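Reader: I should be grateful for a close look at the aromatic residues of this protein. Please describe how their rings are arranged and what surrounds them.

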Amino acid sequence: MLRSLASAVRRAPGRCALGVCVFVAITGYMAWDFLVLREPWQLLVDLDVYRDAGVSVLIGRPIYHHFTATPQLLPFTYPPIAALFAIPLALLPLRVLGWLWTAMQFALLAGIVGYAFRPFLTRFGRWQPVALGALAGGLMWIEPLRDGVMFGQVNVILIALVLADYVAKAPRWPRGMLIGIATAVKLTPGVFILHLWFSGRRREAITAAATATGCTLLAFLVVPVDSADFWFRALLDSERLGPNAGTSNQSIRGMLMRLHVDNGLLWLALCALIGFLAYRYAVRCSRIGHELGACAIVGLLAVLLSPVAWIHHLAWIVPGLGVIVGDGRNLRRLLLMVGTAVYFILPIPWWGAELALPGHPLPEFVARVIEDAFGLAAIALIPLIARYALHDTRDSRRAPGAELGQPARPAKAARGRTVEAVLREATPA
């Protein structure tokens with residue numbers, strides 16, 4: 001993805017510079033607000049947590065017993081290997097680090113959008129870099145991405161790692177390794193290891209699992225006490241992550257808790273049902289070579305299945321939007337993509353939280369459903385993404401020479417069956 005951006009810059013530096021200017025014009029106020037105008041205690045609070053974890057490793061301070069400064073008092077919640085990766089962050093002042101971190105998020109997002117929306121962007125011809133700047137800048141204002149920039153989060157990095165592992169044509173690393181690293185850092189990308197296994201790519205799944213295991217064992221060698229503290233105590237305490245029933249938790253469990261249904265069996269049953277359906281859709285997408293659709297579906301599934309998943313974890317809707325819009329020639333799909341993006345720009349869950357307060361005439365159940373708006377939308381987007389991925393693949397097979405979204409090794413994925421047979425099985429009723 002970033003390699004494609006670099007080659008585009010070499011081909012058309014002037015138009016790429018114009019695209020950067022458009023992007024900065026759209027997102028500049030956001031960056032200035034989050035990096036300059038905010039009070040010190042509001043500055044990149046999650047990045048501050050990562051940085052403090054790196055400091056803890058350097059000075060021998062217990063990683064999982066330290067909290068950031070008041071008034072945030074936030075603990076480090078990622079596995080120990082993430083604290084080791086955070087050591088370089090400890091070497092820079094937070095404000096300097098914040099500018100570099102935000103620039104990295106912007107660059108990675110541009111790469112992700114450029115790949116996910118490639119069929120749409122190619123319609124702009126030589127002005128594609130400018131269209132990319134406008135599109136990526138506009139998408140930065142959706143709540144999941146805006147929150148990720150405001151907090152200094154890692155979600156865009158994890159998406160880039162997973163997508164690169166899936167779609168790189170000739171990777172210089174063993175395919176599956178980047179998913180393993182992402183899983184070791186944040187655990188939830190482990191759902192992609194299962195997808196690799198279910199879709200028949202056993203070697204890649206084993207590589208990913210072995211990489212995640214190797215990173216975990218490395219952390220045990222370097223920080224054994226902290227590793228034991230995480231895996232046998234901190235990991236089991238979900239309250240360390242924040243108020244589980246809070247509005248920002250848009251996972252299945254969070255939605256149930258806000259409805260006062262804190263039943264573990266019901267939660268597991270819903271996770272099993274949604275997981276089964278989502279994996280089925282994702283495997284179908286992979287079998288016909290539409291890995292972008294598969295990644296978007298499994299990424300949204302990771303958010304839904306997690307016990308605690310904040311709104312910024314829903315950054316996975318970006319590749320999903322790319323699948324929905326396709327090449328942009330279908331007006332209904334274009335409007336659906338724009339409408340979905342606007343839906344995620346609006347703070348709908350927070351409206352629901354306000355309506356759920358005592359004194360509002362709206363029934364609490366209705367207010368809670370509004371509060372769950374993003375999680376419910378993630379569930380609805382899974383079959384929708386699958387539908388359009390399968391539709392685009394079918395059309396591209398019918399018209400040789402037409403561009404298929406973003407295929408990856410389709411011939412191997414079909415495993416000896418004809419494409420038409422796979423499509424007949426994959427097409428939703």
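Author: In this predicted model, the charged end of Arg 15 sits over the ring of Trp 127, at 6.0 Å from the ring centre. A second arrangement of this kind involves Arg 202, which lies over the face of Trp 197, 4.3 Å from the centre of that ring.

Rings also pair with one another, and the structure holds 14 aromatic pairs. One of them joins Phe 120 and Phe 124: the ring centres are 5.5 Å apart and the planes stand at 80°, so this pair is edge-to-face, the term for angles over 60 degrees. The two partners may be described by their accessibility. Phe 120 has a relative accessibility of 13% and counts as buried, because the limit for that class is under 20%. Phe 124, with a relative accessible area of 38%, is partly exposed.

Another pair is formed by Phe 230 and Trp 231, whose ring centres lie 5.0 Å apart with planes at 85°, so this pair too is edge-to-face. Phe 230 is buried, with a relative accessible area of 2%, whereas Trp 231 counts as partly exposed at 24% relative accessibility. Both residues belong to a cluster linked by ring pairs, in which Tyr 50, Tyr 64, Phe 76, Tyr 78 and Trp 101 also take part.

Phe 76 leads from this cluster to the nonpolar interior. The largest nonpolar core has 118 residues, and Phe 76 and Phe 117 touch the most other members. Helix H16, spanning residues 291–305, gives the most to this core, with eleven residues. In soluble globular proteins, nonpolar side chains tend to be buried together.

The surroundings of Phe 117 can be set out in turn. Leaving aside residues up to four places away in sequence, Phe 117 touches Leu 135 and Leu 139, and also Val 318, Leu 321, Gly 322, Val 325 and Met 337.

A word on confidence is in order. The protein chain has a mean pLDDT of 90, and 90% of its residues reach 70 or more. Over residues 401–420, however, pLDDT stays under 50, and the model has 44 contacts beyond four places in sequence for this stretch. Where pLDDT is low, the predicted coordinates should not be read in detail.

Technical notes:
Residues numbered from 1 in each chain as written. Heavy atoms only, no water. Core = buried A, V, L, I, M, F, W, Y, C linked by side-chain atoms within 4.5 Å. Buried < 20%, exposed > 50% of the residue type's maximum accessible area, 1.4 Å probe, protein only. Helix = DSSP H or I, 4+ residues; strand = E, 2+ residues; numbered from the N terminus. Contact = heavy atoms within 4.5 Å. pLDDT = per-residue confidence, 0-100. Phe/Tyr/Trp six-rings, centres within 6.5 Å; stacked < 30°, edge-to-face > 60°. Lys NZ or Arg CZ within 6 Å of the ring centre and 35° of its normal.
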